[in-house]
Amino acid sequence: MARASSKTPRGTSSPDPMPDRVDPCLAMLVDKPPKGPDWAFEVKWDGYRLAVHVEPERVRIITRGGYDWTLRFASIAAEARQLGYETLILDGEAVVLNDQGRSDFGLLQRALGKRPSLHDPSEILFFAFDLLYVDGWDLRRLPFRERRWLLDPIVAGRTGAIRLSEEVEADGEEFYHVACAHGLEGIIAKHREKPYRSGRGEWWQKITCKRRDSFVIVGFEPSSVPGAIGRLLLGARRRGELVYVGGCGTGWTYAESAKLRELLEEIRTDSPAVLLKRKNAVFVEPVLIAEAEYRAWTQDGKLRHPSFKGIRERADDATVFELNS
């Protein structure tokens with residue numbers, strides 16, 4: 001099989017029609033990385049999933065939901081035209097990297113937003129991790145290892161807006177622990193022998209890095225369900241004071257939520273422990289601690305996707321999460 005650097009990878013056979021849109025292959029969430037030589041591993045990027053369509057007269061950038069966001073990713077579209085192919089579909093993720101070189105969804109949102117931001121849309125990078133179509137050849141029926149082999153010469157070594165999402169040659173479990181230790185979103189495992197299949201399935205797997213810490217319950221928002229809690233309001237310590245770090249609205253059953261509501265109603269206060277103005281907030285004495293599992297921290301110092309794991313009395317202030325700044 002010729003590499004994608006050849007302009008006619010199909011030889012003399014009839015060309016495949018270029019799809020107008022491809023529903024993306026979605027990774028299934030699993031608890032631990034798969035084992036064995038049939039699996040390839042990559043970093044899990046924290047951004048927007050995109051398909052870059054290079055067509056004879058135009059470039060289109062299509063979101064996971066099927067929207068045309070070409071104008072929002074102008075620098076990626078401009079570079080896609082320079083790749084040297086008349087037709088092409090790249091699958092990948094648009095991200096903005098922070099000062100530590102990690103993808104940061106909050107920074108990406110700022111770069112795309114209408115409000116003034118320190119981050120310009122030109123900072124958005126597209127990390128390509130799959131090649132679905134090239135110059136009349138639909139590659140989706142090929143195994144992943146061959147699609148990657150064809151992708152490499154197209155984007156490998158590029159340092160502009162379009163780059164290659166590198167495969168990591170490592171044991172999956174070891175790579176996962178290293179990724180989490182470095183504050184990454186997680187890792188992706190892909191079966192080398194599987195074709196590209198739209199939708200979610202076990203041929204692509206994601207293993208996310210979960211963090212778990214203790215936060216002071218400073219209040220709650222009532223649920224629309226009578227007697228239950230909609231969100232717990234959480235605080236962390238910063239230089240000896242409590243600061244609000246976000247709300248948690250998942251992780252409990254109705255019975256657990258109702259019991260927690262009763263407990264918190266007993267310690268209501270008119271003197272909030274944190275500076276927070278929320279219309280429906282009910283503030284409580286900061287005497288209970290919630291254990292919460294979460295994905296990461298947002299750019300403005302809030303918990304991302306927290307889930308309630310349990311509660312205990314505030315017996316030891318040292319266990320409450322301490323913010324560095």
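This report covers the confidence, the nonpolar cores and one loop residue of a predicted model.

**Confidence**

The chain has a mean pLDDT of 90. Of its residues, 92% reach 70 or more. Over residues 1–8, however, the pLDDT is below 50. Beyond near neighbours in sequence, that stretch has 22 contacts in the model.

**The nonpolar cores**

The largest nonpolar core holds 35 residues. Ile76, Leu88, Leu90, Ile124 and Leu131 touch the most other members. Several helices and strands give two or more residues each to this core. The table lists them by type.

| Type | Elements giving two or more residues to the core |
|---|---|
| Helices | H1 (74–80), H2 (105–112), H3 (144–155) |
| Strands | E3 (48–55), E4 (58–63), E5 (88–95), E6 (125–134), E8 (162–164) |

Helix H2 supplies the largest share, 5 residues. Another core lies apart from this one. That second core has 23 residues, including Ile217, Phe220, Cys248 and Leu288.

Now take Leu90 from the largest core. Which residues is Leu90 in contact with, leaving aside its neighbours within four places in sequence? They are Leu50, Ala51, Val52, Leu83, Phe126, Asp130, Leu131, Leu151, Val155 and Ile162. Leu131 also appears among the core members that touch the most others.

**A loop residue**

Asn98 sits in the loop between strand E5 and helix H2. Is Asn98 buried or exposed? Its relative accessibility is 18%. The cut-off for buried is under 20%, so Asn98 counts as buried. Not counting residues up to four places away in sequence, Asn98 touches Asp104 and Leu107. Leu107 falls within helix H2 (105–112).

Terms used
Residues are numbered from 1 along each chain as its sequence is written. This is a predicted model: local features need pLDDT of at least 70, side-chain atom pairs count only at pLDDT 80 or more; totals for chains, interfaces and linings use all residues. Side-chain values use heavy atoms; hydrogens and water are left out. Helices (H or I, at least four residues) and strands (E, at least two) are DSSP runs, numbered from the N terminus. Buried means under 20% relative accessible area, exposed over 50%, partly exposed in between (1.4 Å probe, protein chains only). Contact means heavy atoms within 4.5 Å. A nonpolar core is a set of buried Ala, Val, Leu, Ile, Met, Phe, Trp, Tyr and Cys residues joined through side-chain atoms within 4.5 Å. pLDDT is the predictor's confidence in each residue, from 0 to 100.
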